[in-house]
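Trainee: Could you take a close look at one part of this model for me, the place where the chains meet? I'd like the terms spelled out as you go.

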Protein chains: 2
Amino acid sequence: MTITIVNIGDELLIGQVVNSNASTMGQLLTAAGMEVRRTVVVGDDYAAIWRAVDDALHESDAVLLTGGLGPTKDDITKRVLCDYYHCELVENEEALSNVRRLFEQRGYELTPVNRAQALVPACCEVLNNDLGTAPCMWFASNDPATGVLVSLPGVPFEMEWLMRNRVIPRLQETFSTGLILTKNILVQGIGESFLSDLIEPWELSLPADVSLAYLPVAGMTKLRLTARLPHHYPLSTFHFPLDGLYHLAGKYIVGEDCETLSELVHRTLLQRGLTLAVAESCTGGNIASQLTAQAGASAYFKGGVVAYSNEVKENVLGVQHKTLDVYGAVSEETACEMVQGVRQRLGADVAIATTGIAGPDGGTREKPVGTVWIAVADGDGCFAQLLQHGGSRRQQNIDRATNQAFAMIIHLICQKD
Amino acid sequence: MTITIVNIGDELLIGQVVNSNASTMGQLLTAAGMEVRRTVVVGDDYAAIWRAVDDALHESDAVLLTGGLGPTKDDITKRVLCDYYHCELVENEEALSNVRRLFEQRGYELTPVNRAQALVPACCEVLNNDLGTAPCMWFASNDPATGVLVSLPGVPFEMEWLMRNRVIPRLQETFSTGLILTKNILVQGIGESFLSDLIEPWELSLPADVSLAYLPVAGMTKLRLTARLPHHYPLSTFHFPLDGLYHLAGKYIVGEDCETLSELVHRTLLQRGLTLAVAESCTGGNIASQLTAQAGASAYFKGGVVAYSNEVKENVLGVQHKTLDVYGAVSEETACEMVQGVRQRLGADVAIATTGIAGPDGGTREKPVGTVWIAVADGDGCFAQLLQHGGSRRQQNIDRATNQAFAMIIHLICQKD
């Protein structure tokens with residue numbers, strides 16, 4: 001069961017929008033045991049869309065198209081599909097009542113532009129879009145040499161809802177699919193190539209149906225194991241062979257079954273019923289924002305202070321003026337006073353603090369851009385670490401410090417086991 | 001001058017990594033006047049890479065390949081290119097000395113795995129990668145029917161540096177390129193379809209060489225105008241025709257020439273020399289994090305408080321216990337006390353506060369998920385607005401509240417002009 005994804009939109013080609021739809025779709029399809037063979041992005045261009053659709057229909061069992069369904073003039077997907085499938089654009093009853101329902105709900109008047117959202121190629125079947133006015137259209141194949149085509153809106157949350165509730169169930173019904181299992185292992189504190197050397201004996205011993213990929217992100221490496229199993233394989237009997245990996249690289253493994261370290265922190269704090277507070281200087285709210293992006297964070301996250309200026313470090317966190325004067329804002333001493341300050345003032349069990357020079361400017365000879373002190377604390381004391389990797393890229397420095405802080409708080413919590 | 005981008009990596013297809021490389025490349029190429037025709041993503045698979053390369057070379061003047069150059073076993077790009085161009089893998093002197101230099105700099109020992117990074121197909125030219133060990137490889141075309149191919153590492157910051165410093169200058173030298181100009185206009189407070197109706201007369205009057213796209217993001221719509229001009233067009237004589245747009249929709253236009261509202265806030269505060277503090281409940285650090293991701297934010301950003309719990313609202317921001325008791329945490333009264341509190345305590349000229357229910361749970365009948373109070377303040381007082389759009393998606397609620405807050409602070413600052 002193979003899939004080709006075609007994402008339509010000039011904004012994707014010129015880079016004004018990151019193609020998050022492709023990754024969302026890839027995740028959902030992979031989890032459902034379907035294999036994405038290829039993703040193609042084309043602009044709002046008749047010939048380019050036609051060719052992408054035609055190629056994709058000949059190479060995969062199903063083609064998922066996103067975008068170009070909006071009410072505006074640059075949206076031409078429906079026109080291409082009418083011509084491709086040799087049928088007329090007609091008003092669809094179900095789609096129209098859906099548009100009406102949404103406009104009534106929002107208290108807006110139905111304009112002709114919006115009514116046109118209910119026009120679809122006559123040969124497709126409409127899968128109802130509960131969240132938006134653009135229709136989701138299913139084109140069954142008449143020709144045995146070509147696959148099914150599904151056209152979805154490009155609005156990310158509508159697309160995701162339709163994938164989960166309409167498209168994937170329908171694809172599973174139409175095709176019988178093999179099984180794909182994946183497992184993530186988060187590794188921190190060792191570079192990708194050193195890790196590769198270290199775990200090579202284990203990697204070479206993996207069975208043929210299991211593949212390994214290295215995904216380095218901001219100082220952390222995610223190892224992804226993928227197993228491809230036949231349809232009806234008894235899942236309870238399958239286990240990824242991890243003993244060899246733990247034997248060789250156990251001390252660098254921070255956790256399993258998470259996409260990100262923020263997810264692992266979230267899960268760990270919830271499981272243990274501990275509360276957290278954060279004091280961020282150079283990470284500027286990134287730590288708080290990654291944690292609070294996850295539903296349920298309010299159960300453990302007390303709050304945070306983005307202490308960008310020294311005044312805020314002193315007045316809000318209680319860092320001593322003398323400490324800032326003698327050691328500077330970017331120092332172990334300041335990091336420790338920040339973390340103790342935020343933990344006590346916000347009444348949390350554990351806390352994180354960061355202070356550093358994110359760059360691209362502001363470094364000195366002693367403290368170059370990329371110098372970050374990170375501290376974690378619980379009721380028993382404070383532990384600080386220096387991160388210094390010489391990069392001048394601001395976002396990289398912020399992301400690395402964030403990941404390092406997440407790894408440190410997980411170690412702090414789990415070392416007491 | 002047309003380009004096809006081919007991004008290689010299983011992690012992209014299964015959605016574990018968002019393909020930010022494609023958007024970065026699209027932005028840089030578009031800004032350099034080159035047209036991205038198509039972006040293709042394929043997995044770490046020999047046949048798929050071969051076919052993508054072959055197709056791309058026959059459809060575009062240049063093909064940019066990313067990924068599959070790492071030291072690990074899943075990286076096969078060089079093997080495919082050797083076979084495609086009928087040449088051997090050989091150790092490249094320049095690439096080896098670059099690998100050596102980087103390992104010495106980092107104080108690491110050079111392992112055989114890392115030394116293998118200096119192996120390249122004999123027929124390519126190495127463009128030096130100052131930031132990493134993976135080589136950037138330029139394959140000139142021998143066959144007039146096919147284009148140039150450049151293979152770049154997939155590590156985003158290495159790729160971006162190589163694009164800016166090696167690849168784009170070399171492409172500009174090799175091809176003479178037409179001009180593409182773009183202009184963004186940020187619109188807030190009106191839905192996409194209503195905006196489309198409103199500005200239709202202006203849109204229909206646009207000259208043929210200017211195209212318009214609507215990019216709705218989290219409650220904001222970015223209008224992108226693109227002009228395609230011939231090589232050597234006198235740029236100083238070209239102007240986008242915006243009078244008609246301002247005449248029809250001026251009151252919804254927040255700014256021009258920015259990608260995001262956070263960029264506009266950043267620029268506006270820097271230009272006016274005003275300082276900012278933020279108090280975030282439901283946005284959880286997202287406002288602070290978006291602002292501090294931009295270099296130079298420390299010139300205006302005093303800091304922020306992520307006041308997730310009521311205790312923090314009271315103890316750190318000075319919201320009265322009575323206010324929380326009588327009106328609740330999600331109320332105009334609390335938002336105003338938060339914004340005044342953070343402005344005064346952090347000593348800023350202007351301030352933003354948010355308090356709401358991000359979801360997916362935690363809503364009530366009176367205050368459903370998606371209810372957010374946003375307040376902005378300066379020395380003259382506080383202004384608050386209610387956002388209530390009934391969505392249950394956490395990240396959407398956070399992003400919409402963030403954009404609304406940014407639009408409000410821009411209005412607050414600019415209304416005094």
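Mentor: Sure, with one term up front: two residues are in contact if their C-beta atoms, placed from the backbone, lie within 7 Å. This is a predicted model, where local features need pLDDT of at least 70 and side-chain atom pairs count only at pLDDT 80 or more, while totals for chains, interfaces and linings use all residues. Residues are numbered from 1 along each chain as its sequence is written, and chains are lettered from A and ligands numbered from 1 in the order in which they are written.

Now the meeting place. Chain A puts 75 residues into the contact and chain B 76 residues. On the side of chain A that touches chain B, helix α2 (residues 20–31) gives the most, with 8 residues; helices (H or I, at least four residues) and strands (E, at least two) are DSSP runs, numbered from the N terminus. Sorted by class, that side of chain A holds 31 nonpolar, 29 polar and 15 charged residues. Here Ala, Val, Leu, Ile, Met, Phe, Trp, Tyr, Cys and Pro count as nonpolar, Asp, Glu, Lys and Arg as charged, and the others, Gly among them, as polar.

Strands meet here too: β14 (residues 301–306) of chain A runs antiparallel to β14 (residues 301–306) of chain B, joined by 3 bridges. Strands pair if DSSP finds at least two bridges between them. In this pairing, A:V305 stands opposite B:V305.

As for symmetry, a turn of 180 degrees and a shift of 0.0 Å along the axis lay chain A on chain B with an RMSD of 0.1 Å, superposed by least squares on the C-alpha atoms of residues with pLDDT of at least 70 in both. That's the relation of a two-fold axis. The same surface serves both copies, with 100% of the contact residues of chain A recurring in chain B.
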